[in-house]
Amino acid sequence: MAATAACSLQMAAVKPCISSSHRGVKAGVAVVGGNSKGASWTKLSSASHISSGQPFLRSFTSSSVKFDKVVTRAMAESSTNKPISGLPIDLKGKRAFIAGVADDNGYGWAIAKSLAAAGAEILVGTWVPALNIFETSLRRGKFDESRVLPDGSLMEITKIYPLDAIYDKLEDVPEDVKSNKRYSGSSKWTVQECAESVKQDFGSIDILVHSLANGPEVSKPLLETSRNGYLAALSASSYSYVSLLKHFIPLMNPGGSSLSLTYIASERIIPGYGGGMSSAKAALESDTRVLAFEAGRKHRIRVNAISAGPLRSRAAKAIGFIDTMIEYSLANAPLQKELSADEVGNTAAFLASPLASAITGAVIYVDNGLNAMGVGVDSPIFKDLDIPTDKH
């Protein structure tokens, strides 16, 4: 979809999943689109924020790919005969669909891993033009190191669906996109068709994750953003979630959970995060509250958002100032450490679990506490204050 990999700055790109233990990974339908620098890549929706990478210089096809390598299931089966102490997150028997996974180093991928580690079955939706390279990388073992779960097993992805979330149904797709060679060989990749494919293949899901976004003009100040660029950011980064929930709710079991990825730019000024993306994130958070009410009352589905801090993902690097944002966070956040994608993934697993059964309509900050700060303490104006600093 025109939505690109979610950002680590809320622009993080997500990575592919794996093949199942004795099953082949198939390519299903996907709706994602582009590149902040090129029309097509601008759409690549990725787990959380904006993905703006270089346009692909090759065509992609959406064919089923079989994985011969046998991997261990992501369920904690080794502990089934042992008493479990503490308060574990148990998602065994649950099925999750994660929209926006296209590589292995963004929030979408991390969320998939955490859900898998808790026992959930993983399905993913990948932007059509990125599908072939994603599946090829999985098949060739390029993501094997990233697939390792805490118990030493490898995460498996039961099925990969092509998805372009900026299109709700086939009638919405322009002829130039239908005839684009990057979409040739793929079918059923609009949101409606993807949901129908998942229903036909699996019947139902329990967890829905929106980990994609795109702002074709994200590098432009808001005053220089065009109407088309602004609306494109809202379509790919905000409305795509409304559409996904609308089409997937009929498949979701009562008591299920849905979540999306947002960014503090929805509330605060973040210079450099332009093109209407701050507005799109604000809309996403507002929609989260309304969707929580509607989905909760009608379907008993919880809806939340994770406001994640900056991550050094491929998609975020393409924006151009991710390193600066990470350095700023390290200098000013209450916890002086670099945020890991796993920390966001683990929060997602918690929100999807029964442990969060009373949490809905919430925006959960996973940013080392940076959201709580009112000033940047690394400013020269505070040089005479005795502000504690983590030297380690």
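**Briefing: buried rings, a helix pair and a glycine**

Tyr167 counts as buried, with a relative accessibility of 8%. Keep in mind that this is a predicted model. Here's a quick tour, beginning with the whole protein and then coming back to Tyr167.

**The whole protein**
- You're looking at 392 residues, and 57% of them count as buried.
- The protein has 9 helices and 9 strands.
- Among contacts with a separation of 6 or more, 83% are between residues 24 or more positions apart.
- About 16,300 Å² of the protein is exposed, and 53% of that comes from carbon and sulfur atoms.

**Aromatic rings**
- The count of aromatic pairs comes to 7.
- One of these is Tyr167 with Trp189, an edge-to-face pair whose centres are 6.0 Å apart and whose planes make an angle of 70°.
- That pair ties together distant parts of the chain, with the two positions 22 residues apart: Tyr167 is in the loop between strand S4 (159-162) and helix H3 (175-178), while Trp189 is in the loop between H3 and H4.
- Trp189 is buried too, because its relative accessibility is 5%, and the cut-off for buried is under 20%.
- Elsewhere, ring pairs join Phe97, Tyr161 and Phe248 into a cluster.

**Helix H4 against helix H5**
- Helix H4 (residues 191-202) packs on helix H5 (residues 227-248) at an angle of about 35°, and their axes are 9 Å apart.
- The two helices make a right-handed crossing.
- On the H4 side, the contact uses Val191, Gln192, Cys194, Ala195 and Val198.
- On the H5 side, the partners are Ser243, Leu244, His247 and Phe248.
- Sorted by class, this contact has 6 nonpolar residues, 3 polar ones and no charged ones.
- Phe248 turns up twice on this tour: it belongs to the H4-H5 contact, and it is part of the ring cluster with Phe97 and Tyr161.

**Gly276**
- Look for Gly276 in the loop between strand S7 (252-262) and helix H6 (277-299).
- Gly276 has a relative accessible area of 1%, so it counts as buried.
- Leaving out residues up to four places away in sequence, Gly276 touches Leu222, Thr225, Tyr230 and Ala233.
- The C-alpha atoms of Gly276 and Glu217 are 7.8 Å from each other, although the two residues are 59 apart along the chain.

Methods
Residues are numbered from 1 along each chain as its sequence is written. This is a predicted model: local features need pLDDT of at least 70, side-chain atom pairs count only at pLDDT 80 or more; totals for chains, interfaces and linings use all residues. Side-chain values use heavy atoms; hydrogens and water are left out. Axes are lines fitted to C-alpha atoms, for helices over the stretch in contact, and angles run from 0 to 180 degrees between N-to-C directions. Helices (H or I, at least four residues) and strands (E, at least two) are DSSP runs, numbered from the N terminus. A crossing is left-handed if the near helix is turned anticlockwise from the far one by less than a right angle, and right-handed if clockwise. Contact means heavy atoms within 4.5 Å. Ala, Val, Leu, Ile, Met, Phe, Trp, Tyr, Cys and Pro count as nonpolar, Asp, Glu, Lys and Arg as charged, and the others, Gly among them, as polar. Buried means under 20% relative accessible area, exposed over 50%, partly exposed in between (1.4 Å probe, protein chains only). Accessible areas come from the Shrake-Rupley method with a 1.4 Å probe; for residues, only the protein chains shown count as cover. Rings of Phe, Tyr and Trp (its six-membered ring) pair if their centres lie within 6.5 Å; planes under 30 degrees apart count as stacked, over 60 as edge-to-face and the rest as tilted.
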